[in-house]
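The following exercises ask the reader to reason from a structure shown below. Each task is followed by a solution in steps.

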Amino acid sequence: DEAFFMYYEDVDFCLRLRRAGWRVFCLPEARVTHLGGESSKQALEWMLIVSETSYIYFIEKQFGRKIAGVISALGRLEMVLRILLWISLYVIIPRRKQEALARLRAYRKLLWRGFR
């Protein structure tokens, strides 16, 4: 589904395969070394917003608007709790201030504008 920019496209793909009668396997012995992650660090606020937005899109696509509405409402409560946590970490752990600020901006945006 090209509507997924990033995040949850793999979950969507696996669910569509299962619904089409295919089997999806997990190979715990498979090993992958991810050398990346630097882009997410540089754009943490954006990454958090895109991840939550993709999650709600996935839920709505696969389970309908009503379920997505419930998940979105619970997501707002989650954002409040995350804001409280990261405000505390901002105060307690000085070396995490930049991360805390990025997370607080993202969570505030998600809380006020929603997950779409």
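**Exercise 1. The span of a helix**

What span should the 28 residues of H4 have at 1.5 Å a residue, and how far apart are its end C-alpha atoms?

Solution. The model is a predicted one. Step 1: the expected span of a helix is 1.5 Å times one less than its number of residues, so the 28 residues of H4 should span 40 Å. Step 2: the end C-alpha atoms of H4 are 40 Å apart, which agrees with the expected value.

**Exercise 2. The two kinds of surface on H4**

Determine which residues of H4 are buried, and what they pack against.

Solution. Step 1: a residue counts as buried under 20% relative accessible area. In H4 the buried residues are Ala68, Ser72, Gly75, Met79, Ile83, Trp86 and Leu89. Step 2: an α-helix has 3.6 residues a turn, so residues three or four places apart point the same way. Step 3: the partners of the buried residues of H4 are helix H3 (44-63) and helix H5 (97-113). Step 4: elsewhere, Leu77, Val80, Leu81 and Leu84 make a nonpolar surface patch of about 370 Å². Of these, leucine 84 has its place in helix H4, which covers residues 65-92.

**Exercise 3. The chain as a whole**

Describe the secondary structure of the protein chain, and decide whether the chain is as compact as the globule rule gives.

Solution. Step 1: the protein chain has five helices and zero strands. Read from the N terminus, the order of its elements is α-α-α-α-α. Step 2: the radius of gyration of the protein chain is 17 Å, whereas the globule rule gives 13 Å for 116 residues; the chain is therefore more spread out than a compact globule. Step 3: along its principal axes, the C-alpha trace spans about 50 × 40 × 25 Å. Step 4: 28% of the 116 residues count as buried. The chain exposes about 8600 Å², of which carbon and sulfur atoms supply 62%. Step 5: among contacts between residues at least 6 apart in sequence, 75% join residues at least 24 apart.

**Exercise 4. A salt bridge between two helices**

Which parts of the chain does the salt bridge of lysine 109 and glutamate 45 tie together?

Solution. Step 1: the structure holds nine salt bridges. In the one between lysine 109 and glutamate 45, the closest N and O atoms are 2.4 Å apart. Step 2: lysine 109 belongs to helix H5 and glutamate 45 to helix H3, so the pair ties together parts that are 64 residues apart in sequence. Step 3: lysine 109 is partly exposed, its relative accessible area being 35%. Glutamate 45, at 16% relative accessibility, counts as buried.

**Exercise 5. A glutamate with two partners**

Identify the salt-bridge partners of glutamate 99, and state how accessible each residue is.

Solution. Step 1: one partner is arginine 96, with the closest N and O atoms 2.7 Å apart. Step 2: another partner is arginine 103, with the closest N and O atoms 2.8 Å apart. Glutamate 99 and arginine 103 both lie in helix H5, four residues apart, which is about one turn of the helix. Step 3: arginine 96 is partly exposed at 30% relative accessible area, and glutamate 99 is partly exposed at 24%. Arginine 103 has 17% relative accessibility and counts as buried.

**Exercise 6. Contacts of glutamine 62**

Is glutamine 62 buried or exposed, and which residues is it in contact with, leaving aside its neighbours within four places in sequence?

Solution. Step 1: glutamine 62 is located in helix H3. Step 2: its relative accessibility is 12%, so glutamine 62 counts as buried. Step 3: apart from neighbours within four places in sequence, glutamine 62 is in contact with Asp12, Leu15, Arg16 and Arg19. Step 4: Asp12 and Arg16 also belong to a network of salt bridges that links Asp1, Asp12, Arg16 and Lys61.

**Exercise 7. Backbone angles before H1**

What is the sign of phi at tyrosine 7 and at tyrosine 8?

Solution. Step 1: tyrosine 7 has a positive phi of about 75°, although it is not a glycine. Step 2: tyrosine 8 also has a positive phi of about 75° and is not a glycine. Step 3: tyrosine 7 lies in the segment before H1, as does tyrosine 8. Step 4: tyrosine 7 is partly exposed, with 22% relative accessible area, and tyrosine 8 is partly exposed at 27%.

Methods. Residues are numbered from 1 along each chain as its sequence is written. This is a predicted model: local features need pLDDT of at least 70, side-chain atom pairs count only at pLDDT 80 or more; totals for chains, interfaces and linings use all residues. Side-chain values use heavy atoms; hydrogens and water are left out. Patches are made of residues with over 30% relative accessible area and no salt bridge: like charges are joined within 9 Å, nonpolar side chains (Val, Leu, Ile, Met, Phe, Trp, Tyr) within 5 Å. Accessible areas come from the Shrake-Rupley method with a 1.4 Å probe; for residues, only the protein chains shown count as cover. A salt bridge is a side-chain nitrogen of Lys or Arg within 4 Å of a carboxyl oxygen of Asp or Glu. The radius of gyration is taken over C-alpha atoms; the globule rule is 2.2 Å times the number of residues to the power 0.38. Buried means under 20% relative accessible area, exposed over 50%, partly exposed in between (1.4 Å probe, protein chains only). Contact means heavy atoms within 4.5 Å.
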